[in-house]
Number of protein chains: 2
Amino acid sequence: MQRQLYTFFRSSTSFRLRIALAYKGLDYEPHYVSLPKMEHHAAGYQALNPQRLLPLLIDRGRRYTQSLAIIEYLDEAYPEPPLMPRDIEGRSYVRTVSQIIGCEMHPLNNVRVLKHLKTQFGADDAATRAWYSHWIAEGFRGLEDYLREARRHGAYCLGDSVTMADICLVPQVFNAARFDCSVDDYPIIKGVFERCMALGAFRDTQPSTQPDAF
Amino acid sequence: MQRQLYTFFRSSTSFRLRIALAYKGLDYEPHYVSLPKMEHHAAGYQALNPQRLLPLLIDRGRRYTQSLAIIEYLDEAYPEPPLMPRDIEGRSYVRTVSQIIGCEMHPLNNVRVLKHLKTQFGADDAATRAWYSHWIAEGFRGLEDYLREARRHGAYCLGDSVTMADICLVPQVFNAARFDCSVDDYPIIKGVFERCMALGAFRDTQPSTQPDAF
């Protein structure tokens, strides 16, 4: 197959790619890389992606890493249906929402960081959860305020069209739920999440549906 | 003035914006926000940016946050000289390099995270530096490998034209140097850094030149 995705069911950044590919109707051959088993540090995977991170997309023989860059690549290479708006202001807004999640929330809470807290500081389960909750609350608070003030949200983050922003939001809400952080205090985020989950591209790619889920 | 930048001399993400604006010859009125004095948590600043993060750009009366989103906005609103290549593959490469730094390195090492390590885990200076060095080494190793394998670098990250990738790389090298992490082990990164610093847009906006530097 011309397209291959290296994914782990619980990885938020892999989930972003699964949604984007499904939304655009792009088929792919999945390769399952277990983060708990450290398969991303195996020589074979490291040869494909020296960063040793998920996801990795191979499209038409080329390798692509960093999920937000990949989503914009997919949108430029396969424009329909679009995941980015056509106007400058709209694109800026979508990138900002995506980066609030992708640069401020997710990097502090992914598995390698939680593991390192344990290694370096001996963080136990309670301390890890406290760390996680702190950054989730800080991030969702700032994101909810941003969305409310921008007044551009509708059914989704930007009006009534799905964009990259929604593709970042939904996996972050799933990730938070796994650490018992709900979004009940954030009505815009919660509403967008629920409406996205009514769409096949989101529902059918969620972690629990994946063949590598356990 | 039609353009205002909220900046702190030592903030890597503010430095990114200072470079981008200088490279494009766009004037602005600077507003200095001291992170050590917690001025980013003051009510006045929070009203402008609910995320309480730097930088903030006001352009033609609109507020823009998240530095990578702002750089792409500036490049779309003020296209010359370009900071993004015209081809899909080139843009994907530039965004990937930018996100390796912006999503994997900087978020783990900025001031608010180092402060929180102290608050939650009582991290002393040595522990903070160990944390910092760990993520810098992991990040620069992966970035150097990525640049080497992609074989697209020249004087700068992408051939001989300055792009958003260089604007992310240079402040990260400055930041690392402040924590005594050198880039001597990463020859491509080091070479790009040195050639960028020969350019006015980088040299004249570096932290030590800023009026709020101390």
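This talk covers one sheet in chain A and then the way chains A and B meet. Keep in mind that the model is predicted.

I'll start with the sheet. In chain A, four strands make up an open sheet, and their order across it is E2-E1-E3-E4. The pairing is mixed. As background, strands in a sheet pair through backbone hydrogen bonds, either parallel or antiparallel. The edges are held by strand E2 (29-32) and strand E4 (62-65) of chain A. Each of these has a single partner strand, so one side of each has no neighbour in the sheet. On average, neighbouring strands here are turned by 20° against each other, ignoring direction.

One pair in detail: strand E1 of chain A, residues 3-7, runs parallel to E2(A), with four bridges between them. Within this pair, A:Thr7 sits opposite A:Tyr32 of E2(A).

Now the two chains. Which elements of chain B supply at least two residues each to the side that touches chain A? They are strand E4 (62-65) and the helices H3 (67-77), H4 (88-109), H5 (111-121) and H6 (125-150). H4(B) gives the largest share, 11 residues. In total, the contact takes 33 residues from chain B and 34 residues from chain A. Sorted by class, the chain B side has 16 nonpolar, 11 polar and six charged residues.

Last, the symmetry. A turn of 180° with a shift of 0.0 Å along the axis lays chain B on chain A, with an RMSD of 0.0 Å. That is the relation of a two-fold axis. In chain B, the residue closest to this axis is B:Cys103, whose C-alpha is at 2.3 Å. Both copies use the same surface: 100% of the contact residues of chain B recur in chain A.

Methods
Residues are numbered from 1 along each chain as its sequence is written. Chains are lettered from A and ligands numbered from 1 in the order in which they are written. This is a predicted model: local features need pLDDT of at least 70, side-chain atom pairs count only at pLDDT 80 or more; totals for chains, interfaces and linings use all residues. Two strands pair if DSSP finds at least two bridges between them. Axes are lines fitted to C-alpha atoms, for helices over the stretch in contact, and angles run from 0 to 180 degrees between N-to-C directions. Two residues are in contact if their C-beta atoms, placed from the backbone, lie within 7 Å. Ala, Val, Leu, Ile, Met, Phe, Trp, Tyr, Cys and Pro count as nonpolar, Asp, Glu, Lys and Arg as charged, and the others, Gly among them, as polar. Copies are superposed by least squares on the C-alpha atoms of residues with pLDDT of at least 70 in both.
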